[in-house]
Amino acid sequence: KFSIESKFQAFLGSISFNGSNSFFAFDTNSAYALRTGNFTVEWFQKFPSVTYPSNGGFIDTGVNINGAGGFGVFWENTTIKVRPNGSDLIAYGITSTDFPANTWVHMAVVRNGNTMTLYINGANKGSGTVTGQDYVGSYPYIGSLYQYGGYVNNGSMSNIRWTKSAVYTSAFTPPSGPLPSIANTVLLIWSASSSSAFVDSSATN
């Protein structure tokens, strides 16, 4: 199960996961497929402590991340992995200062041309080349991984935004408030209350 933390300061609300069997998914929509162009997938993450479960998921596009066309972001032990097209492109070792307990941290994965980059609180944590890769998944999973049991988030996520443009192209100051629906936004989730927990605030909805 998951719960809603309503009116959470500047971030308007978040969805909290239980670390074992909670996640949410959206109906298939071709607009969600990231495909071959530029994109930014971003969110705010908060963990209840600096001790994490051995495995957990952030986001997934609804195609098995071990195969062609898949795309997912997750962690194994203390390593955050960005896995496009079936292979780990970025493997970043979490440090003791990356996710202070009960603190919101901005995360983003950006594809800019043939390069994909992981940012944590605006800092570049790794990049790699993704020339020609096509991410066909159109079934967003939040807080877990599609067809990959045991990888469930144990913290809270807020302001989940998928944009079909490279919003960040170098190190940046992380946003200090709610993420707005900007040009090319195809998914935007934040929860002001339990009644709006699953409202997509992008133009796709």
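**Exercise 1. The fold in outline**

What pattern does the chain follow when read along the sequence? Work it out for this predicted model, then describe its surface and contacts.

*Solution.* Start with the elements: the chain has zero helices and 14 strands. Read along the sequence, they give β-β-β-β-β-β-β-β-β-β-β-β-β-β. Next, look at the contacts between residues at least 6 apart in sequence: 62% of them join residues at least 24 apart. Finish with the surface. Of the 205 residues, 52% are buried, and the accessible surface comes to about 8100 Å², with 48% of that area belonging to carbon and sulfur atoms.

**Exercise 2. Inside the nonpolar core**

Which residues of the largest nonpolar core touch the most other members? Pick valine 73 and list its contacts beyond four places in sequence.

*Solution.* The largest nonpolar core holds 37 residues, and those touching the most other members are Trp43, Phe71, Val73, Ile80 and Phe99. Now follow valine 73 outward. Leaving aside neighbours within four places, it is in contact with Trp43, Gly57, Phe58, Ile59, Ile80, Lys81, Val82, Val109 and Leu145.

**Exercise 3. A buried arginine**

Where is arginine 111 found, and which side chain of opposite charge is nearest to it? Look for a polar partner as well.

*Solution.* Step one is location: arginine 111 is found in strand E9, which spans residues 105-112. Step two is charge. The nearest side chain of opposite charge is aspartate 134, at 6.6 Å. A salt bridge needs the charged atoms within 4 Å, so arginine 111 is buried yet has no salt bridge. Step three is the polar partner: a polar atom of the arginine 111 side chain lies 2.8 Å from the backbone oxygen of glutamine 133. Step four is the wider neighbourhood. Beyond four places in sequence, the contacts of arginine 111 include Arg35, Thr36, Gly37, Asn38 and Phe39, as well as Gln133 and Tyr135.

**Exercise 4. Two asparagines with positive phi**

What are the phi values of asparagine 77 and asparagine 184? Place each residue, then classify the exposure of asparagine 184.

*Solution.* Take asparagine 77 to begin with: its phi is near 55°, a positive value in a residue other than glycine. Asparagine 77 sits in the loop between strand E6 (71-76) and strand E7 (79-84). For asparagine 184, phi is near 75°, again positive in a residue other than glycine. Its place is the loop between strand E13 (156-163) and strand E14 (185-189). Asparagine 184 counts as partly exposed because its relative accessibility is 47%, and that class lies between the 20% and 50% cut-offs.

Terms used. Residues are numbered from 1 along each chain as its sequence is written. This is a predicted model: local features need pLDDT of at least 70, side-chain atom pairs count only at pLDDT 80 or more; totals for chains, interfaces and linings use all residues. Side-chain values use heavy atoms; hydrogens and water are left out. Helices (H or I, at least four residues) and strands (E, at least two) are DSSP runs, numbered from the N terminus. Buried means under 20% relative accessible area, exposed over 50%, partly exposed in between (1.4 Å probe, protein chains only). Lys and Arg count as positive and Asp and Glu as negative; His and the chain ends are not counted. A polar contact is a pair of N or O atoms within 3.5 Å; within protein, one must be able to donate a hydrogen and the other to accept it, and residues adjacent in sequence count only if both atoms are side-chain atoms. Contact means heavy atoms within 4.5 Å. Accessible areas come from the Shrake-Rupley method with a 1.4 Å probe; for residues, only the protein chains shown count as cover. A nonpolar core is a set of buried Ala, Val, Leu, Ile, Met, Phe, Trp, Tyr and Cys residues joined through side-chain atoms within 4.5 Å.
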